[in-house]
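Here is a friendly walk through one protein chain, written for someone who likes to follow along at the bench. Have the viewer ready, and turn the model as you read.

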Amino acid sequence: MTITISHVFDFRSVSPSKAIHNHNVYIPPFKSDKPIKNVHDKTSPLYQILTWDSLRNNITRIINNVNTTTNLKDIIRDLLELNLIRGRGIFCRSVLTSQMSHPEFSDVFSALVAVVNSMFFEVGQLFIRRIVWQFKSAYKRNDKPQLLNTVKFIAHLVNQKVAHATIAIEILTVLLEKPSEYSVTTAVRFLVECGSMLQDVLPNKLYGVFDLFCGILYEGRFGKRVEFMIKKLLAIRKDDFQGYPAVRPELDLVEEEDKLTHEVSLDEDIDPEFSLDVFNLDPYFAMNEKFYEGMKKDLLGDDEESDGDQESGSDVESNEESEGDQATSGKVSNSDARSSHSSDSPGSANSDENGGKRKRN
């Protein structure tokens, strides 16, 4: 017999606020956290659903604040304070929704995903599978705005080495094998974004893609606008994509040895796992929360200790030198923390069973 939450307790007794039961309504943190403090049994289903509401609201609020590189460090720190393993579905949905509303910040969102991916493989894997699924869905429905924004995001994820470069070649092939005016212009814009990276890692396959562009240009099937865009792309390629770097220096936040690359193909039958976006009762809730607290201490412990030293006024010179070194590199290193917790999570399935592949660069 399948036991649901409604069998355990009456939803009407959860809170006076009716909105808290609606998981599609945003609730400010000062309102959503208040009922949690009144629940003393932290193993109860009621406590789980209230903490889930709070987690969802906080992740959504933080992602909505992403706009430029200036606040990205604070955004990452605030996110790590939350259980991103439990809320990975919410994180993926919030980032994809925000990028769709603000595609001009695609490179900033991809840098954020790259940092989170370097710490939590499961989150990065789910994100790549969802955005590839989103591309396939938009292409099938001929949803042009979503298609353009999605390929732009994928291009920057390829640049950040979160997604493997082969997915970019597959997307270009799909867009150009049955060319239309919109698919060709979309392919041009996509290649402008990630051409520099593809030229470095897959030069032979990129050469084949440019053969397709030259064939379209030779046939003259489309108007002057398409011809002009293709010629401009060829000129950019001739200049080795100068002025179109793969990653801006201020967004190169992850050390090379910490980058995890996920390989997903368009031919795969992808499960976006939308069930992770809604509340599910976790029989290992207390254990998983304790596990994440341990990970959080490993990831943020150095920063917290540094803050404590600065407040007490001790070891000022040592802290200044350490901060200077971090400011110089501006990158995140998470190898030790990730390796010590990568396979110890209780109640969680093996990530490799989801069908995704990963490569360490």
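In what follows, helices (H or I, at least four residues) and strands (E, at least two) are DSSP runs, numbered from the N terminus. With that naming in hand, Phe 241 can be placed in the loop between H13 and E1. Please keep in mind that this is a predicted model.

**The chain as a whole**

The secondary structure comes to 16 helices and two strands. Of the 361 residues in the chain, 48% are buried. If you take the contacts between residues at least 6 apart in sequence, 79% of them join residues at least 24 apart.

**Helix H12 and its two sides**

Does the end-to-end distance of H12 agree or disagree with what its residue count suggests? Helix H12 covers residues 203-219, which makes 17 residues. At 1.5 Å a residue these should span 24 Å, and the end C-alpha atoms are 25 Å apart, so the two values agree.

Now look at which residues of H12 are hidden. Leu 206, Val 209, Phe 210, Phe 213 and Ile 216 are buried. Viewed down the axis of H12, the buried residues fall within an arc of 110°, so they line one face of the helix. Their packing partners are helix H10 (166-177), helix H11 (181-201) and helix H13 (224-238). On the other side of H12 you will find Asn 204, Tyr 207 and Tyr 218, which are exposed. Just after H12 comes Gly 220, with a positive phi of about 65°.

**Two residues beyond H13**

The loop between H13 and strand E1 (260-263) also holds Asp 240. Phi of Asp 240 is near 60°, a positive value in a residue other than glycine. Phe 241 likewise has a positive phi, near 60°, and is not a glycine. Is Phe 241 buried or exposed? Its relative accessibility is 2%, and because buried means under 20%, Phe 241 counts as buried.

**Two loop residues, side by side**

Asn 83 and Lys 42 each sit in a loop, and the table sets out their details.

| Residue | Loop | Relative accessible area | Contacts beyond four places in sequence |
|---|---|---|---|
| Asn 83 | between H5 (72-80) and H6 (88-101) | 9%, buried | Leu 55, Asn 288, Glu 289 and Tyr 292 |
| Lys 42 | between H3 (34-37) and H4 (45-64) | 52%, exposed | Tyr 47 and Phe 285 |

Asn 83 also has a partner close by in sequence: its side chain reaches the backbone nitrogen of Arg 86 at 3.0 Å. For Lys 42, try finding Ala 286 in the viewer: the two residues are 244 apart along the chain, and their C-alpha atoms are separated by 7.9 Å.

**Where H6 meets H9**

At what angle do the axes of H6 and helix H9 cross? The axes of H6 and H9 (residues 144-159) come within 10 Å and cross at roughly 115°. The crossing of H6 past H9 is right-handed. From H6, the contact is made by Val 95, Leu 96, Gln 99 and Met 100. From H9, Gln 146, Asn 149, Thr 150 and Phe 153 take part.

Note on methods:
Residues numbered from 1 in each chain as written. Predicted model: local features only at pLDDT ≥ 70, side-chain atom pairs only at ≥ 80, totals over all residues. Heavy atoms only, no water. Expected span 1.5 Å × (residues − 1). Buried < 20%, exposed > 50% of the residue type's maximum accessible area, 1.4 Å probe, protein only. Arc of directions from axis to C-beta. Contact = heavy atoms within 4.5 Å. Polar contact = N/O pair within 3.5 Å; in protein donor to acceptor, adjacent residues only side chain to side chain. Axes fitted to C-alpha atoms, helices over the stretch in contact; angles between N-to-C directions. Left-handed = near helix turned anticlockwise from the far one by under 90°.
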